[in-house]
Amino acid sequence: MSLLELRAVSHGYRQGGLFAPRTAKSVLRDASLQIAPGECVALLGPTGSGKSTLGRLALGLERPWAGDVRFDGAPLHDRRGRIAPVTRRAIQAVFQDPHGATSPRLTCLEVLAEPLRAGSTGKAALRDQATALLRDVGLDPALLDRLAHRLSGGQLQRLCIARALAPAPRLVLLDEAVNSLDLETQALVLGLLRELRRRRGIAYLFVTHDLRLVKGFADRCYVMQDGQPIEVADPFGPGLVPPAMAALRAAILPALPGPRPLRQPAAANAVLP
Ligand SMILES: Nc1ncnc2c1ncn2[C@@H]1O[C@H](COP(=O)(O)OP(=O)(O)OP(=O)(O)O)[C@@H](O)[C@H]1O
């Protein structure tokens with residue numbers, strides 16, 4: 001059984017307002033996608049193709065115009081439009097900008113306290129759990145009382161990962177979660193996410209526009225094409241791929257650009273037309 005399933009989902013946004021006619025912008029059309037427990041699924045696509053929209057539907061932040069979003073075999077929202085607390089805790093997210101996702105006024109402990117508070121009693125127990133979470137993401141527990149915004153970008157993103165882990169989720173949406181990091185930190189954080197998945201059996205929906213990040217990280221891969229996620233069996237192989245995937249491949253620059261063909265020098269005695 002799928003952990004997360006989107007079945008023939010259509011969604012978009014109302015546009016216009018006071019001085020412009022109200023219209024509907026369609027973003028997802030008959031979109032379907034499944035993630036099994038413990039699976040890492042990449043969702044690729046160019047900017048504006050609807051990846052984050054699909055992610056927000058998976059988190060239950062928005063409800064689709066049509067179709068179903070199901071978690072663990074049951075509708076994500078009940079008939080009154082609410083999400084069960086246990087499901088809410090089971091689906092967490094890490095976004096691109098760790099500074100925007102944390103308050104500059106909070107210490108690392110306070111950032112972690114909110115998701116931990118629901119499950120733990122007493123200050124000492126909370127501190128112990130926060131310490132364990134920092135260790136899990138490779139951060140020194142001595143940072144616990146430091147203001148979160150005094151951390152480096154890579155450290156702060158690790159703290160956001162720790163916060164997402166706090167409610168023991170079964171699915172984590174990684175929405176461009178490593179894209180703002182430098183290449184070396186990207187590799188370290190991807191390694192950490194891979195290790196956490198192995199240890200905790202978490203499933204990931206890995207949203208990115210960077211095809212290079214998918215290799216060796218995701219089990220399966222979808223690309224957004226005309227409002228639908230299309231599964232691509234081998235994004236790096238020689239077979240045919242959807243045009244959106246071909247464009248993402250073409251966007252990857254060679255690591256070391258090859259030598260350019262030399263121009264033929266004009267002959268000294270060339271006859272000009
Ligand atoms: N709240 C909103 N109101 C109106 N339009 C929106 C809203 N959110 C997204 N859109 C529009 O929906 C389309 C898809 O946006 P979305 O953010 O899902 O794409 P994306 O593939 O995640 O892009 P990016 O890689 O740039 O984040 C875009 O045209 C965007 O302008």
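## Ligand shell

The residues of the shell around the ligand fall into 2 nonpolar, 8 polar and 1 charged. This is a predicted model. The shell consists of Y13, V27, G45, T47, G48, S49, G50, K51, S52, T53 and H209. Helix 1, residues 51-59, gives the most to this shell, with 3 residues.

Helix 1 also has buried positions. These are K51, T53, L54, G55, L57 and A58. K51 is thus listed both around the ligand and among the buried residues of helix 1. The same holds for T53, which belongs to the shell and is buried in helix 1. After helix 1 comes G60, with a positive phi near 80°.

## Overall build

The chain has 273 residues, of which 35% count as buried. Its secondary structure comprises 7 helices and 10 strands. Along the principal axes, the C-alpha atoms fill a box of roughly 90 × 45 × 45 Å.

What share of the contacts with a separation of 6 or more comes from residues 24 or more positions apart? The share is 67%.

## Helix 3 against helix 4

Helix 3 covers residues 108-117 and helix 4 covers residues 123-136. They pack at an angle of about 110°, and their axes lie 10 Å apart. Angles from 65 to 115 degrees count as roughly perpendicular, so helix 3 is roughly perpendicular to helix 4. The crossing is right-handed.

From helix 3, the contact draws on L109, L112, A113, L116 and R117. Helix 4 answers with L126, R127, Q129, A130 and L133. By class, the contact of helix 3 with helix 4 has 7 nonpolar, 1 polar and 2 charged residues.

## Helix 5 against helix 6

Helix 5 runs over residues 153-165 and helix 6 over residues 183-200. Their packing angle is about 20°, with the axes 10 Å apart. Angles under 35 degrees count as roughly parallel, so helix 5 is roughly parallel to helix 6. Helix 5 and helix 6 cross in a right-handed sense.

Helix 5 brings G154, Q157, R158 and L165 to the contact. On the helix 6 side stand T185, L188, V189, L192 and L196. The contact of helix 5 with helix 6 divides into 5 nonpolar, 3 polar and 1 charged residues.

## Positive phi outside glycine

D72 is not a glycine, yet its phi is positive, near 55°. D72 sits in the loop between strand 4 (66-71) and strand 5 (74-75). Is D72 exposed or partly exposed? D72 has 16 C-beta neighbours inside 10 Å, so D72 counts as partly exposed.

A168 is also a residue other than glycine, with a positive phi of about 55°. Its loop joins helix 5 and strand 7 (171-175). A168 counts as exposed, because it has 12 C-beta neighbours inside 10 Å. The cut-off for exposed is 12 or fewer.

## H77 and its contacts

H77 belongs to the loop between strand 5 and helix 2 (85-90). It has 17 C-beta neighbours inside 10 Å and therefore counts as partly exposed. Which residues does H77 touch, leaving out those up to four places away in sequence? They are G60, R63, R82 and I83. One of these contacts, G60, is the residue with positive phi that follows helix 1.

L192, part of the helix 6 contact with helix 5, lies well along the chain from H77. The two are 115 residues apart in sequence. From C-alpha to C-alpha, H77 and L192 are 32 Å apart.

## P238 and A124

P238 is in the loop between strand 10 (228-231) and helix 7 (243-250). Is P238 buried or exposed? P238 counts as exposed, because 6 C-beta neighbours lie inside 10 Å.

P238 and A124 are 114 residues apart in sequence. In space, the C-alpha atoms of P238 and A124 are 56 Å apart.

Notes:
Residues are numbered from 1 along each chain as its sequence is written. This is a predicted model: local features need pLDDT of at least 70, side-chain atom pairs count only at pLDDT 80 or more; totals for chains, interfaces and linings use all residues. Axes are lines fitted to C-alpha atoms, for helices over the stretch in contact, and angles run from 0 to 180 degrees between N-to-C directions. Helices (H or I, at least four residues) and strands (E, at least two) are DSSP runs, numbered from the N terminus. Angles under 35 degrees count as roughly parallel, over 145 as roughly antiparallel, 65 to 115 as roughly perpendicular and the rest as oblique. A crossing is left-handed if the near helix is turned anticlockwise from the far one by less than a right angle, and right-handed if clockwise. Two residues are in contact if their C-beta atoms, placed from the backbone, lie within 7 Å. Ala, Val, Leu, Ile, Met, Phe, Trp, Tyr, Cys and Pro count as nonpolar, Asp, Glu, Lys and Arg as charged, and the others, Gly among them, as polar. A residue is buried if 20 or more other C-beta atoms lie within 10 Å of its own, exposed if 12 or fewer, and partly exposed in between; C-beta atoms are placed from the backbone. A residue is near a molecule or strand if its C-beta atom, placed from the backbone, lies within 6 Å of it.
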